[in-house]
Amino acid sequence: MRIAVVGGTGKEGSAMALRWARAGHSVFIGSRDEIRAQATAAELGSQIQRSIQGGSNQQAVAASEVAVLSVPYPAHASTLGALKDALTGRVLIDITVPLKPPKVTCVSLPAGHSAALEAQAILGPATPVVAALHHVSAVHLRDLDHAIDCDVLACSDDKAALEVALPLIRELGVRAFDAGPLCNAVAIESLTPVLLYLNRSLKGKSVGIRITGA
Ligand SMILES: NC(=O)c1ccc[n+]([C@@H]2O[C@H](COP(=O)([O-])OP(=O)(O)OC[C@H]3O[C@@H](n4cnc5c(N)ncnc54)[C@H](OP(=O)(O)O)[C@@H]3O)[C@@H](O)[C@H]2O)c1
């Protein structure tokens with residue numbers, strides 16, 4: 001699969017890029033800065049002896065079948081607005097958690113109820129949005145030897161998009177579940193501040209979630 005990681009120079013994006021490239025996918029890291037993306041792509045590629053491409057976010061999306069949005073919430077709407085035309089016909093996996101620093105351990109939902117619902121409203125039906133991966137630690141993803149102790153809840157209003165996204169997400173080394181329509185992103189995105197609270201109260205641990213009885 002040809003995967004674009006918008007914001008792929010960052011913590012979560014670079015870690016996903018690494019794992020997907022290791023799994024044999026064609027990965028294109030996007031950035032606001034082509035040179036930074038190329039440097040990140042070269043560094044990650046050398047780590048696993050695979051070729052990873054780097055360039056602008058536009059170039060990454062244009063080369064992709066599936067795009068992953070991995071930028072902080074304050075950059076969410078503007079990044080999507082700039083990429084709207086390029087994203088037409090692609091599946092977008094949106095991992096954004098609408099955090100409001102410094103109160104990142106407190107649920108703070110945006111005006112559109114969730115980042116993913118806002119993404120779908122910006123992009124329209126030509127780009128189905130799948131919300132996922134809000135609870136998986138970048139540190140754990142980046143460590144290729146780490147067995148990730150966290151399940152992924154993915155939701156979308158487009159079942160065909162989920163059928164594309166779920167197998168890809170599982171190739172990161174996690175179990176992933178269809179968690180229903182995109183309105184459920186409100187609950188899924190809301191859980192991350194709770195996990196961040198637990199990380200602090202458990203003194204630096206990096207907790208995840210498990211679905212039991214499945
Ligand atoms: N970190 C985690 O453990 C984790 C876990 C689950 C979900 N998430 C979610 O994943 C997303 C990315 O998290 P992260 O920790 O990887 O973030 P990050 O490292 O702080 O940023 C990711 C990338 O976003 C781009 N970016 C930053 N500010 C921007 C702006 N104002 N406009 C456009 N692009 C901007 C940057 O790329 P360029 O400067 O190269 O353009 C940056 O490398 C967030 O929405 C977060 O809630 C994170």
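Helices (H or I, at least four residues) and strands (E, at least two) are taken here as DSSP runs, numbered from the N terminus. The structure is a predicted model, in which local features need pLDDT of at least 70 and side-chain atom pairs count only at pLDDT 80 or more, while totals for chains, interfaces and linings use all residues. Residues are numbered from 1 along each chain as its sequence is written, and side-chain values use heavy atoms, with hydrogens and water left out.

With those runs, the protein comes to eight helices and eight strands. Its radius of gyration, taken over C-alpha atoms and set against a globule rule of 2.2 Å times the number of residues to the power 0.38, is 16 Å, close to the 17 Å that the rule gives for 214 residues, so the protein is as compact as a globular protein of that length. Along the principal axes, the C-alpha atoms fill a box of roughly 40 × 40 × 35 Å. Of the contacts in the protein with a separation of 6 or more, where contact means heavy atoms within 4.5 Å, 74% are accounted for by residues 24 or more positions apart.

Burial is stated as relative accessible area, with buried meaning under 20%, exposed over 50%, and partly exposed in between (1.4 Å probe, protein chains only). Buried residues make up 52% of the 214 residues. The protein exposes about 9700 Å², of which carbon and sulfur atoms supply 57%; these areas come from the Shrake-Rupley method with a 1.4 Å probe, and for residues only the protein chains shown count as cover. There are 19 positive and 18 negative side chains, and the centres of the two sets lie 7 Å apart, where Lys and Arg count as positive and Asp and Glu as negative, His and the chain ends not being counted, and where the place of a charge is NZ of Lys, CZ of Arg, CG of Asp or CD of Glu.

Inside the protein, a nonpolar core is a set of buried Ala, Val, Leu, Ile, Met, Phe, Trp, Tyr and Cys residues joined through side-chain atoms within 4.5 Å. The largest such core has 64 residues, and those with the most contacts inside it are M16, L133 and I169. Not counting residues up to four places away in sequence, I169 touches W20, A132, L133, V152, A154, V174 and A176.

L133 itself lies in the loop between β6 and α6 and counts as buried, at 3% relative accessibility. The backbone of L133 is also notable for its phi, which is near 70°, a positive value in a residue other than glycine. In the same loop, between β6 (129-131) and α6 (138-142), is H134, which is buried with a relative accessible area of 6%. Beyond residues up to four places away in sequence, H134 touches D94, I95, T96, V97, I188, E189 and T192.

Strand β5 holds L92, which is buried with a relative accessible area of 1%. L92 and V130 are 38 residues apart in sequence, yet their C-alpha atoms are 6.1 Å apart in space. V130 is among the contacts of L92 outside its neighbours within four places in sequence, and the others include A67, V68, L69, L80, L123 and V129.

The backbone has further features to examine. Most residues other than glycine have a negative phi, and most peptide bonds are trans. Q49, which is not a glycine, has a positive phi of about 55°; Q49 is found in the loop between α2 (34-48) and β3 (53-56) and is exposed, with a relative accessible area of 69%. The peptide bond from P101 to P102 is cis, with omega near 5°, and P102 lies in the loop between β5 (91-94) and α5 (115-123). K100 is found in the loop between β5 and α5 as well, and counts as exposed at 55% relative accessibility.

Some pairs of residues give a sense of the span of the fold. K100 and A176, 76 residues apart in sequence, are 27 Å apart from C-alpha to C-alpha. S56, in strand β3, counts as buried at 15% relative accessibility, and is in contact with F28, G30, S31 and E34 when its neighbours within four places in sequence are left aside. From S56 to S156 the C-alpha separation is 27 Å, with their positions 100 residues apart in sequence.
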